[in-house]
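Hi,

Here's the structure I promised to pass on. Have a look at it first, then read my notes on the empty spaces and the nonpolar cores.

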Amino acid sequence: MNQAEALEKIIRSPEFAPHIVMERLLEATEGSYVPFPGDLDERLAGALRRRGIERIYVHQGEVWEKARGGKNVVVVTPTASGKTLCYNLPCLQALLEDEKARCLYLFPTKALSQDQQSELNELAGGGTGASPGAVPIKVATYDGDTPDSLRVAARDGGRIVITNPDMLHQGILPNHPKWIKFFSSLKYVVVDEAHAYRGVLGSHVANVIRRLRRIAVFYGSSPRFILCSATIANPLELAQTLIGAGAVLVDKNGAPRGEKRVILYNPPLVDAVQGIRRSVITESRRWMLAFLKAGIKTILFAHSRIKTEVAASYVNEDLANLYTDNSRIRVEAYRGGFLPNERREIERGLREGLIQGVVSTNALELGIDIGGLDASVVAGFPGSFNSFWQQSGRAGRRGGTSVSVFVASASPIDQFIMNDPEWFFHKGVEEARLDPDNPYILTDHIKCACFELPFRDECLGPGRPGALSREDPGPPPEETDPFGENAVPVLEYLEEGGVIRHTGGGPGGRWHWADRSFPAEGISLRSATADNVVIVDLTGGRNAVIGEMDRPSAKEMIFENAVYIHRGRQYLVESLDIENRKCLVREAEVNYFTDGLVKTDIKVLTEDERLVYGGKVPLAQGIVGDVLVRSQTAKFKKIRFHTHENIGYGEINLPEEEMQTRALILLFPPESRGGENLSAFDEQGAASALAGAGTLIKRIAPVFLLCDPRDIGVAERVRDPHFGLPALFVYDKYPGGTGLAEALSRRAGDLFRSISRIVERCPCKGGCPSCVGPGGNKDGTGAFLGALI
């Protein structure tokens with residue numbers, strides 16, 4: 001039985017067929033090719049031929065042409081379409097043509113960096129030039145996992161240096177004098193998985209790239225950028241904002257695509273009265289087992305660390321006594337918190353076929369080469385359509401027939417999709433937004449940039465001190481500082497604070513760093529705290545570090561008496577020492593896993609600015625101020641394996657996780673039109689109307705703020721204890737805030753109009769994910785929002 005027949009048998013089996021809501025066949029497409037470019041170095045052509053490549057895809061040829069023509073390029077094609085070769089070919093060619101040339105590759109994760117080094121080493125034949133036909137290019141990875149002994153060699157001898165934005169920000173740019181040889185000959189900068197750089201993270205990375213460009217210009221180079229992105233709605237806009245320069249878009253995909261079957265599956269009801277369905281993990285595991293038993297390599301996306309480990313344990317139990325070709329079917333979990341050598345072992349096992357299945361969080365969503373997987377199972381909607389299609393695309397990377405199964409959870413959005421599957425297939429991908437000129441983020445990076453190199457007045461554009469007028473054209477574009485005139489008010493503000501000093505007058509002035517601190521050290525590009533808790537196994541006196549976890553997650557998952565599952569092994573947590581960042585565990589066999597119950601509270605600290613929205617009759621009030629967002633894991637549940645029944649609770653005694661941030665608080669007093677409207681509802685109706693408005697604000701506010709939905713939090717209060725009024729809190733999800741609350745306070749009127757229009761125009765009857773959320777009160781929310789216009 002071939003693979004297509006095996007797939008058909010599984011899909012048509014009575015075990016699954018009755019609960020398949022829809023099956024959509026994505027037809028196979030032929031590839032579109034062009035010959036190797038005429039100016040391609042023969043050594044590169046030989047390396048490609050040794051890998052069985054006799055011609056390249058159309059989009060690879062187009063990127064070559066644009067990049068070689070001196071253009072910045074962004075390439076947008078589906079998963080597994082050969083994007084890696086799009087940048088490797090022009091970069092390797094430039095390095096072969098000029099023995100001094102250097103290239104910088106930026107990847108969002110360490111795992112992707114390691115994957116790319118393997119790919120390059122394979123293409124370059126090891127890079128030593130010793131083997132016949134090898135491409136003599138030394139490739140080096142420079143990230144947090146790189147030992148000190150290898151860092152100097154990477155810095156001085158690496159022709160291609162592979163790193164991530166965090167290391168570039170804190171480890172490379174502030175130490176640029178040690179990298180003179182590298183920066184003075186930098187030809188290309190590659191930004192892979194560019195769609196990952198959105199929202200606050202993207203705004204930080206755009207400023208890191210501004211700093212990179214400043215340093216490159218200082219050492220006399222002007223690198224071109226090649227960016228690769230998954231399919232998003234605005235790839236060219238994202239790329240140009242990210243690099244601060246013009247770019248051309250290549251989006252005509254020339255790669256062939258195998259046939260793919262996308263299946264929407266709704267688990268069977270176990271209690272029709274209450275609408276309770278069989279567990280999404282149980283059903284996903286059944287699909288994965290069916291595929292693996294049929295010899296189909298499979299990835300299951302479980303979306304949380306606990307679900308990932310539990311699902312992998314279930315699958316391995318079921319396969320314990322099953323052998324194919326005299327070897328066991330091997331399935332591994334893959335998630336954040338594994339040690340680097342464990343991650344690489346699993347990736348290598350998948351590539352080499354030693355591992356037949358993997359259960360992963362979204363850690364494998366990005367383009368790590370994990371070999372020829374033929375089936376993907378997505379356990380619950382991952383939060384965005386971009387993510388779903390990325391995860392779906394992990395299957396079928398080697399051509400042939402593949403399948404992707406979306407197993408619905410009990411969540412409202414999953415059930416909405418099952419009730420209206422056509423909406424799911426016709427929904428467009430989301431936009432990626434960022435704002436490099438966010439004042440909070442810009443100020444942080446101007447500090448870092450000034451520490452690295454003084455700002456020169458003559459390069460700051462029309463707004464610089466000493467400029468003749470706003471019409472003064474300023475310096476030629478190649479001499480303009482990448483931060484431009486937006487830097488001037490920030491520099492003046494920092495000078496008042498004493499951390500920057502201005503010397504000289506007129507156009508020849510300089511801005512110098514005047515503080516003893518190392519600014520990059522205190523600035524994290526990501527929301528997660530930089531300090532991790534290490535997990536130490538005490539079993540049998542081992543005292544071995546087996547994993548790590550960020551501090552907020554540790555409080556929720558590895559508290560005292562928690563069950564910690566690591567690659568299928570169970571451990572009981574003996575103690576969690578938050579202060580010293582250490583968790584002690586010991587192996588144990590128990591019949592349950594644990595889940596922390598997190599409660600979140602918001603406390604108003606300051607009321608810095610009061611606003612009234614509306615004219616003579618106020619629509620609502622707004623307050624901008626500091627809030628304290630407190631989350632605490634006070635109890636945990638013990639959940640029995642397989643049945644998932646709750647078999648008890650336990651107490652957790654850990655300090656609260658506190659974050660002081662900025663918020664816009666929308667109040668609806670009785671005299672306002674919003675408050676008057678809410679008072680017409682009973683408490684449940686008012687809560688539903690506010691919840692619908694909160695859902696819409698979380699989804700639409702990022703359009704106004706140029707951020708990602710994950711960057712803001714929204715909380716509704718029917719009667720807030722601080723104000724004694726109905727309230728909506730919109731807060732920054734970053735310590736100290738990033739200016740999003742202040743920016744929204746100026747656009748609240750536009751926001752109300754936009755979300756009211758969405759509810760009004762949505763064709764659904766009672767609420768859906770496109771408006772107030774499935775199960776929301778569309779009429780109530782619509783009437784409430786109508787009162788705010």
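A quick bit of vocabulary before the cavities: Ala, Val, Leu, Ile, Met, Phe, Trp, Tyr, Cys and Pro count as nonpolar, Asp, Glu, Lys and Arg as charged, and the others, Gly among them, as polar. Keep in mind, too, that this is a predicted model.

With those classes, the lining of the largest cavity splits into 8 nonpolar, 5 charged and 2 polar residues. That makes a lining of 15 residues, and Ile306, Met557, Val563, Tyr564 and Ile565 are the ones nearest the centre. Two or more lining residues come from each of α12 (305-318), α19 (551-557), β26 (563-566) and β29 (592-604). The space inside is about 130 Å³, and the structure has 3 cavities of 30 Å³ or more.

Next comes the second largest cavity, at about 80 Å³. Its lining includes Pro552, Lys555, Ser631 and Glu657. Here α19 and β31 (618-640) are the elements that give two or more residues. By class, you'll find 4 nonpolar, 4 charged and 3 polar residues around it.

Now for the cores. In soluble globular proteins, nonpolar side chains tend to be buried together. The largest nonpolar core here has 57 residues, and Phe424, Phe668 and Ile697 touch the most other members. Helix α21 (residues 683-705) gives the largest share, 10 residues. If you zoom in on Ile697, its contacts beyond four places in sequence include Leu666, Ile712, Val730 and Ile755. Another core, of 52 residues, lies apart from that one, with Ala6, Ile263, Ile299 and Tyr334 among its members.

Cheers

Terms used:
Residues numbered from 1 in each chain as written. Predicted model: local features only at pLDDT ≥ 70, side-chain atom pairs only at ≥ 80, totals over all residues. Heavy atoms only, no water. 1 Å grid on protein atoms, 1.4 Å probe; cavity = no way out; pocket = protein on both sides within 12 Å on 5 of 7 lines; lining within 4 Å. Points joined across faces, edges and corners; volume = space filled by probe spheres on them. Helix = DSSP H or I, 4+ residues; strand = E, 2+ residues; numbered from the N terminus. Core = buried A, V, L, I, M, F, W, Y, C linked by side-chain atoms within 4.5 Å. Buried < 20%, exposed > 50% of the residue type's maximum accessible area, 1.4 Å probe, protein only. Contact = heavy atoms within 4.5 Å.
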